[in-house]
Amino acid sequence: MPRPSQQLDRRLLAAGAALYPALGCAGLTVRRVAEHAGVRPAMLSYHFGDKAGFLAALLQLRYEQLWQRLTRDDPADQRAVDRLRGALRRLAGFLREERAWVGRLLADALAGEAAVLAFLQRNAPRHLGLLTQLMAEAEAAGDLAPMAPLQRFTMTMGATAAPMLMLPAALHLGLLPPALAAQAGAQVLDEAAVDERIDVLLRALAPPPAPPPSRRRVAP
């Protein structure tokens, strides 16, 4: 009779998720993960094959949470520009809530961790492609002005994702003057600040208003 599942794979993934921001790929050893999960190290090999397989599953699980947020169903009749606005808000919200995770991910990528590089190469085109598609649809609908796609994309990421990635790093390294650091949340990271930047961005990307109709002067 087979043994009932104890969901050990989920316990191991939960342990990895808790440890990863502090330890990164290098410090996330099989033994430490197993100890945190309260299981034998052999269970990690049984469920994931090896550490590389475990890291791939761990990173992918967290990414799928982001993907589900980005692609959640919007009303069928919603304008493309409003779908874009919603996706940008959800992306910024994820980066704000998971900034410890994302910061460690970027640090591991810069360190050349093979598991992270493979993960990013596999998944980054998914959400970046989704945002690019939404921008193209908004342009086709007349809500965004015609622009080179990469130019518009870099402007969009500079207003939304980049501050959520760069400011926590600057705060962690103590690079900001105290007066600016004290305002980091209200002026950059908070939901209201994100919404304000997205509003300004979309206004800047919108087509210019049509000129008023010219009035013919009536001869006396």
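## Exercises: buried polar residues and salt bridges

At 17% relative accessibility, Gln60 counts as buried in this predicted model. The exercises start from that residue and move on to charged pairs.

**Exercise 1. Place Gln60 and find the polar partners of its side chain.**

Step 1. Gln60 sits in helix H4.
Step 2. Check burial. The cut-off for buried is under 20% relative accessible area. Gln60 has 17%, so it counts as buried.
Step 3. List the contacts beyond four places in sequence. Gln60 touches Phe119, Arg122, Asn123 and Arg126.
Step 4. Look for polar contacts between side chains. Gln60 pairs with Glu64 at 2.7 Å. Gln60 also pairs with Asn123, at 2.9 Å.

**Exercise 2. Is Arg62 buried or exposed, and which residue forms a salt bridge with it?**

Step 1. Locate Arg62. It lies in helix H4, residues 51-70.
Step 2. Read the accessibility. Arg62 has a relative accessible area of 15%, so it is buried.
Step 3. Scan its contacts, leaving aside neighbours within four places in sequence. They are Ala17, Phe94, Glu98 and Trp101.
Step 4. Pick out the salt bridge. Glu98 pairs with Arg62, with the closest N and O atoms 2.7 Å apart.
Step 5. Place both ends. Glu98 is in the loop between helix H5 (80-97) and helix H6 (99-110), and Arg62 is in helix H4, so the bridge ties together parts 36 residues apart in sequence.

**Exercise 3. Which parts of the chain does the Arg85 and Asp199 pair link?**

Step 1. Confirm the bridge. The closest N and O atoms of Arg85 and Asp199 are 2.5 Å apart.
Step 2. Assign the elements. Arg85 is in helix H5 and Asp199 in helix H12 (residues 191-205); the pair links distant parts of the chain, 114 residues apart.
Step 3. Check accessibility. Arg85 is partly exposed at 26%. Asp199 is partly exposed at 31%.
Step 4. Widen the view. Arg79, Asp82, Arg85, Asp143 and Asp199 are linked in a network of salt bridges.

**Exercise 4. Where do Glu139 and Arg152 lie, and is each buried or partly exposed?**

Step 1. Start with the bridge. The two side chains meet at 2.7 Å, N to O.
Step 2. Glu139 belongs to helix H7 (residues 114-140) and Arg152 to helix H8 (residues 149-159), so the pair joins parts that are 13 residues apart in sequence.
Step 3. Take each end in turn. Glu139 is partly exposed, at 27%. Arg152 is buried, at 3%.

**Exercise 5. How many salt bridges does a search of the whole structure find?**

The search finds eleven. Among them is the bridge between Glu139 and Arg152.

Methods
Residues numbered from 1 in each chain as written. Predicted model: local features only at pLDDT ≥ 70, side-chain atom pairs only at ≥ 80, totals over all residues. Heavy atoms only, no water. Helix = DSSP H or I, 4+ residues; strand = E, 2+ residues; numbered from the N terminus. Buried < 20%, exposed > 50% of the residue type's maximum accessible area, 1.4 Å probe, protein only. Contact = heavy atoms within 4.5 Å. Polar contact = N/O pair within 3.5 Å; in protein donor to acceptor, adjacent residues only side chain to side chain. Salt bridge = Lys/Arg side-chain N within 4 Å of Asp/Glu carboxyl O.
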